[in-house]
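Hi everyone, and thanks for making the time. I'd like to take you on a short walk through a structure that is new to most of us, so please have a look at it first.

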Amino acid sequence: MIKRISSGGEFESKVGYCRAVVAGGFVHVAGTVGQGDGALEQCRSALEIIGKALDEAGSSFAQVVRVNYYLPDRTEFAPCWPILAETFGDNPPAATMIECGLIDPKYRIEIEVTALLP
């Protein structure tokens, strides 16, 4: 069975995707950008959106096994580390950070996760 979760984000209908898909015992959360003026604010906002999707799927940050971070400027990543360490706590996932262009220059960080269903 496949369950699709939408957050109502502006790009979901434009691009043809949903925030998260629950399938095969996993929750796959799409790359998520947040709102705010800089990487820190956007990181917090993106994590809130991801947390809501995980909750709706029946999972949580404690169940995340993989996270990918995408930033147009890698120097903006280190200031986000305390937020990420607090979010994942005692359950750190495997992680990758990639420096790349995002869909709009106003976005400073995009985060995608894969979590287990408990």
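**Starting from one glycine**

Let's begin with contacts: setting aside neighbours within four places in sequence, G34 touches Q42, S45, A46 and Y107. Before I go further, please keep in mind that this is a predicted model.

So where does G34 sit? You'll find G34 in the loop that connects β3, residues 26–33, with α2, residues 39–57. Is G34 buried or exposed? G34 counts as buried, because its relative accessibility is 1%, and the cut-off for buried is under 20%. For a sense of distance, look back along the chain to A23: the two residues are 11 apart in sequence, and their C-alpha atoms are separated by 25 Å.

Now follow the loop into α2. This helix has 19 residues and spans 26 Å from first C-alpha to last, close to the expected 27 Å. Its buried residues include Q42, S45 and A46, which are also among the contacts of G34. Other buried positions in α2 include L47, I50 and L54. What covers them? The cover over the buried residues of α2 includes β1, β2, β3, β4, α3 and β6. Just past the end of the helix, G58 has a positive phi of about 95°.

Let's go back to the other side of our loop, to β3. This strand runs antiparallel to β2, residues 20–23, and four bridges join the two. One facing pair there is V22 and V27. Together β2 and β3 make a hairpin with two residues between them, and in that turn G24 has a positive phi of about 60°. β3 also pairs with β6, residues 110–116, again antiparallel, this time through six bridges. V33 in β3 has E110 as its bridge partner in β6.

V33 takes us to my last stop, the largest pocket. Its volume is about 330 Å³. Lining this pocket are 17 residues, and those closest to its centre are G9, F11, Y17, R19 and V33. Which element gives the most to the lining? That is β3, with four residues, while α1, residues 10–16, supplies at least two. By type, the lining divides into eight nonpolar, six polar and three charged residues.

So, to retrace our route: we started at G34 in its loop, went along α2 with its buried residues, and came back through β3 to the largest pocket, where β3 gives the most to the lining. Thanks for listening!

Definitions and conventions: Residues are numbered from 1 along each chain as its sequence is written. This is a predicted model: local features need pLDDT of at least 70, side-chain atom pairs count only at pLDDT 80 or more; totals for chains, interfaces and linings use all residues. Side-chain values use heavy atoms; hydrogens and water are left out. Buried means under 20% relative accessible area, exposed over 50%, partly exposed in between (1.4 Å probe, protein chains only). Contact means heavy atoms within 4.5 Å. On a 1 Å grid over the protein atoms alone, a cavity is a set of points where a 1.4 Å probe fits but cannot get out, and a pocket is an open set with protein on both sides within 12 Å along at least five of seven lines; lining residues have an atom within 4 Å of a point. Grid points are joined across faces, edges and corners, and a volume is the space filled by probe spheres set on the points. Ala, Val, Leu, Ile, Met, Phe, Trp, Tyr, Cys and Pro count as nonpolar, Asp, Glu, Lys and Arg as charged, and the others, Gly among them, as polar. Two strands pair if DSSP finds at least two bridges between them. The expected span of a helix is 1.5 Å times one less than its number of residues.
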